[in-house]
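Subject: Structure for you to look at, with notes

Dear colleague,

Here is the structure I promised to send, with the sequence alongside. Please open it first, and then read the notes below with the model in view.

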Amino acid sequence: MKVVENLKEIQLKIKEACEKSGRNMEDIKIIAVTKYVSTSRAIEALNAGIVHLGENRDEGLLEKWEKLKDKPIWHFIGSLQTRKVKNIIDKVEYIHSLDRLSLAEEINKRTEKQVKCLVQVNVSGEETKQGIQPDEVNEFISQLIEYPNIRVCGLMTMAPFTSDEKILRSCFRKLKDLQAEIQSLNLDYAPCNELSMGMSNDYRIAIEEGATMVRIGTALVGEEDLGIGG
Ligand SMILES: *Cc1c(COP(=O)(O)O)cnc(C)c1O
């Protein structure tokens, strides 16, 4: 499938989810997750009107960045090793996986501008999932005041791998509740107005529950690149 066609269908579903929940489509950023596909497929996505690209490994990001430079807005969405921060820090606009102080310290040290970070929360409590525990988010964010180059623009989570709508909904709702809690603190460095939640299988539910960023790979660009060239 062409990216344009996938995008049209996704936009239609986003529109429906917005109507259902009384939201504006303009408030939702679609991040095309290009980790499974080549640069040419990423270019196809940009030509289809995509603005935001997401990668979860530094190699993948650097490879595509070499060719696309700052045409897209780059999002780093995967778990980030501290020693790799310096490779990506000047290339990305958003980091979705801030989950420990040592990482905050390194980000703060390696840049002179403010980096938009999302704190990754392990809402579902699954052991395999990255992120800090919901009851530690408040304390964690209050400690980030020590790092002036970090701006906490939002929260991010990955829902459990299930098609059970109830479980998904409750996961997204918990992240939204945490956001409200942080916002009520009125911290200058942590406006926390973004909610990064929802992937190919659950983005409609995530939007109904308040997502402002959906990270879509498979449903948008596919998971395997059949095109020629990289
Ligand atoms: C791969 C990935 C996605 C996209 O997953 P799809 O199910 O292919 O849409 C979203 N978020 C993160 C953090 C990912 O690693």
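I begin with Glu-194, which counts as buried at a relative accessibility of 11%, the limit for that word being under 20%. Please bear in mind throughout that the model is a predicted one.

The side chain of Glu-194 forms a salt bridge with that of Lys-29, with 2.8 Å from N to O. Since Lys-29 belongs to strand S1 (residues 29–33) and Glu-194 to strand S7 (residues 194–196), the pair ties together parts of the chain that are 165 residues apart in sequence. Unlike its buried partner Glu-194, Lys-29 counts as partly exposed, at 24% relative accessibility.

This pair is one of the salt bridges in the model, for which the count comes to 18. As a general point, side chains of opposite charge can pair when their charged atoms come close.

A second salt bridge joins the side chains of Glu-106 and Arg-110, at 2.7 Å from N to O. Here both partners lie within helix H5 (residues 101–110), four residues apart, which is about one turn of the helix. Glu-106 is buried, with a relative accessible area of 10%, whereas Arg-110 is partly exposed, with a relative accessible area of 36%.

A third salt bridge, between the side chains of Glu-208 and Arg-169, has an N to O distance of 2.9 Å. Glu-208 is in helix H8 (residues 203–208) and Arg-169 is in helix H7 (residues 165–183), so this pair ties together parts that are 39 residues apart in sequence. Arg-169 itself counts as buried, at 16% relative accessibility. Through salt bridges that share partners, Glu-208 and Arg-169 are joined with Lys-20, Glu-165, Arg-173 and Glu-209 into one network.

Turning to the ligand, you will find that the residues surrounding it include Val-33, Lys-35, Tyr-36, Ile-77, Met-156 and Met-158, and that Met-199, Ser-200, Arg-215, Ile-216, Gly-217 and Thr-218 are also among them. Which side chains have an N or O atom placed by an oxygen or nitrogen atom of the ligand? For Lys-35, a side-chain N or O atom is 2.6 Å from an oxygen atom of the ligand, and for Arg-215, a side-chain N or O atom is 2.8 Å from a nitrogen atom of the ligand. In addition, a polar side-chain atom of Tyr-36 lies 3.3 Å from an oxygen atom of the ligand. On its own the ligand has 390 Å² of accessible area, and the protein covers 92% of that.

Arg-215 deserves a second look in the viewer. Its place is in strand S8 (residues 213–216), and at 4% relative accessibility Arg-215 counts as buried. Met-199, which also belongs to the ligand's surroundings, is 16 residues from Arg-215 in sequence, while the two are 5.0 Å apart in space, C-alpha to C-alpha.

Finally, a word on the aromatic rings. The structure holds zero aromatic pairs, but the ring of Trp-65 has charged company: the charged end of Lys-69 sits over this ring, 5.3 Å from its centre, and Lys-91 lies over the face of Trp-65 as well, at 4.7 Å from the ring centre.

With best wishes

How values were computed. Residues numbered from 1 in each chain as written. Predicted model: local features only at pLDDT ≥ 70, side-chain atom pairs only at ≥ 80, totals over all residues. Heavy atoms only, no water. Phe/Tyr/Trp six-rings, centres within 6.5 Å; stacked < 30°, edge-to-face > 60°. Lys NZ or Arg CZ within 6 Å of the ring centre and 35° of its normal. Salt bridge = Lys/Arg side-chain N within 4 Å of Asp/Glu carboxyl O. Helix = DSSP H or I, 4+ residues; strand = E, 2+ residues; numbered from the N terminus. Buried < 20%, exposed > 50% of the residue type's maximum accessible area, 1.4 Å probe, protein only. Near = heavy atom within 4 Å. Polar contact = N/O pair within 3.5 Å; in protein donor to acceptor, adjacent residues only side chain to side chain. Areas by Shrake-Rupley, 256 points an atom, 1.4 Å probe, with all protein chains shown as cover.
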